[in-house]
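Q: Hey, got a minute to go through a structure with me? I'd like to start with the overall picture and then poke at a few residues.

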Amino acid sequence: MGRLRRSRVHNARRDVHRASRTRVRTRDLDQIQLLDLDPKRRAELEAQPLDYEKPGLAQHYCVECAKYYETDAALTSHWRSKVHKRRCKQLKEPVYTIEESERAAGLGRAETRPRVAVSMGMEQDGVLAT
Ligand SMILES: [Zn+2]
């Protein structure tokens with residue numbers, strides 16, 4: 001991996017490679033909307049068994065953001081934060097489905113080949129010459 005690109009990227013995102021790493025990939029909005037926000041599943045997620053691999057032993061989980069917190073205080077302050085409120089707003093919008101994308105392209109349901117994961121398009125280091 002080369003140097004981290006610092007110019008012309010979103011100012012708060014220092015590590016541009018992070019988004020494309022599968023290790024840190026969180027759940028997608030549609031997954032949360034269709035699966036996790038279901039009351040039964042939500043209760044399950046909020047009362048997870050002790051997990052030593054997860055931050056805070058998986059006891060403080062924000063369902064909307066699919067994120068673990070270390071303490072109760074951290075979780076409650078997160079619920080009041082801008083990030084969380086923005087996320088809730090996004091989750092209230094209708095889910096983006098394959099059907100919708102096909103309708104937008106005027107395709108109907110012509111082809112059903114498996115979709116290939118789209119790369120983030122931020123792999124190059126660009127013009128950061130020293
Ligand atoms: Zn949240």
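Q: What percentage of the residues of the chain count as buried?
A: Just 5% of the 130 residues count as buried. Keep in mind that this is a predicted model.

Q: OK, predicted. What's the mean pLDDT of the chain?
A: The mean is 76, and 63% of the residues reach 70 or more.

Q: Which helix has the highest confidence, and which the lowest?
A: Helix α3, residues 72-79, has the highest, with a mean of 93. Helix α5, residues 98-105, has the lowest, at 75.

Q: How many helices and strands are there, and in what order do the elements run?
A: There are five helices and two strands. Starting at the N terminus, the order is α-α-β-β-α-α-α.

Q: And what share of the contacts is between residues 24 or more positions apart?
A: That's 39%, counting contacts in the chain with a separation of 6 or more.

Q: Switching topic: which residues does UniProt list for the C2H2-type domain?
A: Residues 60-84, and the record is an unreviewed entry.

Q: How far apart are the end C-alpha atoms of that span, residues 60-84?
A: They lie 14 Å apart. By secondary structure, the span is 44% helix and 24% strand.

Q: Now some single residues. Where does Leu57 lie?
A: Leu57 is in the loop that joins α2 (39-46) to β1 (60-62). Its phi is near 55 degrees, a positive value even though the residue isn't a glycine.

Q: Why does Leu57 count as partly exposed?
A: Because 14 other C-beta atoms lie within 10 Å of its own. A residue needs 20 or more to be buried, and 12 or fewer to be exposed, so 14 lands in between.

Q: Which residues is Leu57 in contact with, leaving aside neighbours within four places in sequence?
A: Leu50, Asp51 and Tyr52. As for Glu70, 13 residues from Leu57 along the chain, the two C-alpha atoms are separated by 7.7 Å.

Q: What about Gln48, where is that one?
A: Gln48 also sits in a loop, the one between α2 and β1. Gln48 is partly exposed because the count of other C-beta atoms within 10 Å is 14.

Q: Which contacts does Gln48 make, again skipping neighbours within four places?
A: Gln48 is in contact with Ala58 and Tyr61. Its C-alpha is 8.6 Å from that of Tyr61, and the pair is 13 residues apart in sequence.

Q: Where is Ala66 found?
A: Ala66 is in the loop between β1 and β2 (67-69). This residue has a positive phi too, about 50 degrees, although it is not a glycine.

Q: Is Ala66 buried or partly exposed?
A: Partly exposed, because it has 16 C-beta neighbours inside 10 Å.

Q: Last one: is Thr26 buried or exposed, and where does it lie?
A: Thr26 is exposed, because 10 other C-beta atoms lie within 10 Å. Thr26 lies in the segment before α1 (29-36).

Q: And which residues does Thr26 contact beyond its neighbours within four places?
A: Thr26 contacts Ala66 and Lys67, so we're back at the Ala66 you just asked about. The C-alpha atoms of Thr26 and Cys65 are separated by 8.5 Å, with their positions 39 residues apart along the chain.

Definitions and conventions: Residues are numbered from 1 along each chain as its sequence is written. This is a predicted model: local features need pLDDT of at least 70, side-chain atom pairs count only at pLDDT 80 or more; totals for chains, interfaces and linings use all residues. Helices (H or I, at least four residues) and strands (E, at least two) are DSSP runs, numbered from the N terminus. Two residues are in contact if their C-beta atoms, placed from the backbone, lie within 7 Å. UniProt positions are given in the numbering used here, feature names are shortened, and annotations may be inferred rather than shown by experiment. pLDDT is the predictor's confidence in each residue, from 0 to 100.
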